[in-house]
Each structure stands twice: as structure tokens, then as C-alpha cells.
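I opened the model to look up a few residues and one helix. My notes follow.

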Amino acid sequence: MAQQFFEDFVVGDVLRLPERQVQRSDIIAFAAEFDPQPFHLDERAAPTELTAGLSASGWHTCAMFMRMVCDAYLLDSRCMGSPGIETLKWRRPVRPGDRLTGTSTVLEARASKSRPTIGIVRFRHEVSNQSGDIVMWMENPVMFERRPAR
């Protein structure tokens with residue numbers, strides 16, 4: 001498959017992300033190492049106003065999302081990284097057994113003024129569960145190599 005360059009990302013394009021099944025064991029393993037709050041480790045943890053039962057860390061949700069993006073298009077592109085995240089919202093808990101899907105929508109694409117070999121694509125990403133509920137959304141710029149002149 002040909003690698004995607006900056007010029008291949010067009011404003012309005014919606015890129016579909018592959019499904020990701022959420023496993024109980026993965027939620028607990030991630031939380032044990034990176035976010036050991038009780039509601040990420042044990043479904044019997046005392047419920048809080050916002051949680052009841054085992055839920056994935058928001059950072060685990062981000063990590064699963066990143067894998068989905070890599071599998072959908074990033075690994076087949078001339079990606080040069082991202083300067084950061086503009087907005088990140090966790091809207092609903094992610095639970096064991098959830099099936100996550102999502103989209104990346106191209107909001108803006110512009111050539112870098114200071115580095116002419118780079119283009120910057122700003123995306124809005126949405127991740128949903130099997131019920132269609134958005135569990136996370138994020139907006140961020142990603143840098144891509146520009147296609148060489150022929």
C-alpha cells in the first residue's frame with residue numbers, strides 16, 4: 001500500500017477506525033501499572049458519584065485509541081508526530097466487554113510556514129462503544145511529510 005502524505009488528507013475526510021474489544025484483564029493490568037485507582041482495579045470497589053463497577057482508565061482508553069489510529073492509517077503514512085493535544089474529553093466509562101469503534105475527521109490541513117517539507121493536519125477523533133455512545137473525543141494536530149515535487 002502506498003504511504004499517505006500530507007496531501008492525501010482532505011478537509012472533511014472521515015477515516016474509520018477498526019473495532020477494539022476491551023478485556024477485563026487488560027483494564028486491570030494497565031491500571032495496576034499506570035493508574036492504580038480502585039475503580040480501575042476491582043469491580044467491587046466502593047462506587048463513587050461517577051463510577052460504579054470496573055472501568056478503564058482514561059489513559060488506557062487513549063492508548064487503545066492510539067492503537068486503533070495506528071492500525072487505521074498512521075502506520076501507512078508519512079507521519080512525523082504531533083506537537084500535542086488541543087482537547088481531550090472522556091465522556092463515559094469504558095467497561096469490560098465494550099467494543100470500541102471510532103472515526104478521525106480532518107478539520108484542517110495546512111502547509112507549515114517554517115518547514116516547507118511538512119504539512120499539519122488537525123483531526124477530531126471520536127471513540128464510541130457498541131451502543132453508539134461517545135466515550136472519548138479529542139482534537140489535535142499531526143505533522144505529515146509533504147509529497148516530494150516531481
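I started with Thr101, keeping in mind that this is a predicted model. Apart from neighbours within four places in sequence, I found Thr101 in contact with Pro18, Glu19, Met68, Glu126, Val127 and Ser128. Thr101 belongs to strand S3, which covers residues 99-111. I checked its exposure next: the relative accessibility is 30%, so Thr101 counts as partly exposed. I also took the C-alpha separation of Thr101 and Ala111, which are ten residues apart along the chain, and got 30 Å.

I then turned to His40, which sits in helix H2, residues 38-41. The relative accessible area of His40 is 5%; buried means under 20%, so His40 is buried. I looked for polar partners of the His40 side chain. One of its polar atoms lies 2.6 Å from the backbone oxygen of Ser55. The His40 side chain also reaches the backbone nitrogen of Ser57, at 3.4 Å. Not counting residues up to four places away in sequence, the residues that His40 touches include Ile27 and Ala31, as well as Leu54 and Ala56.

Ile27 and Ala31 led me to helix H1, residues 24-34, where the buried residues are Ile27, Phe30 and Ala31. Why do I place them on the same side of H1? They cover an arc of only 95° around the axis, so they share one side. Ala32 and Glu33 are exposed on the other side of H1. I last asked what covers the buried residues of H1. The cover includes H2 and helix H3, residues 58-72.

How values were computed
Residues numbered from 1 in each chain as written. Predicted model: local features only at pLDDT ≥ 70, side-chain atom pairs only at ≥ 80, totals over all residues. Heavy atoms only, no water. Helix = DSSP H or I, 4+ residues; strand = E, 2+ residues; numbered from the N terminus. Buried < 20%, exposed > 50% of the residue type's maximum accessible area, 1.4 Å probe, protein only. Polar contact = N/O pair within 3.5 Å; in protein donor to acceptor, adjacent residues only side chain to side chain. Contact = heavy atoms within 4.5 Å. Arc of directions from axis to C-beta.
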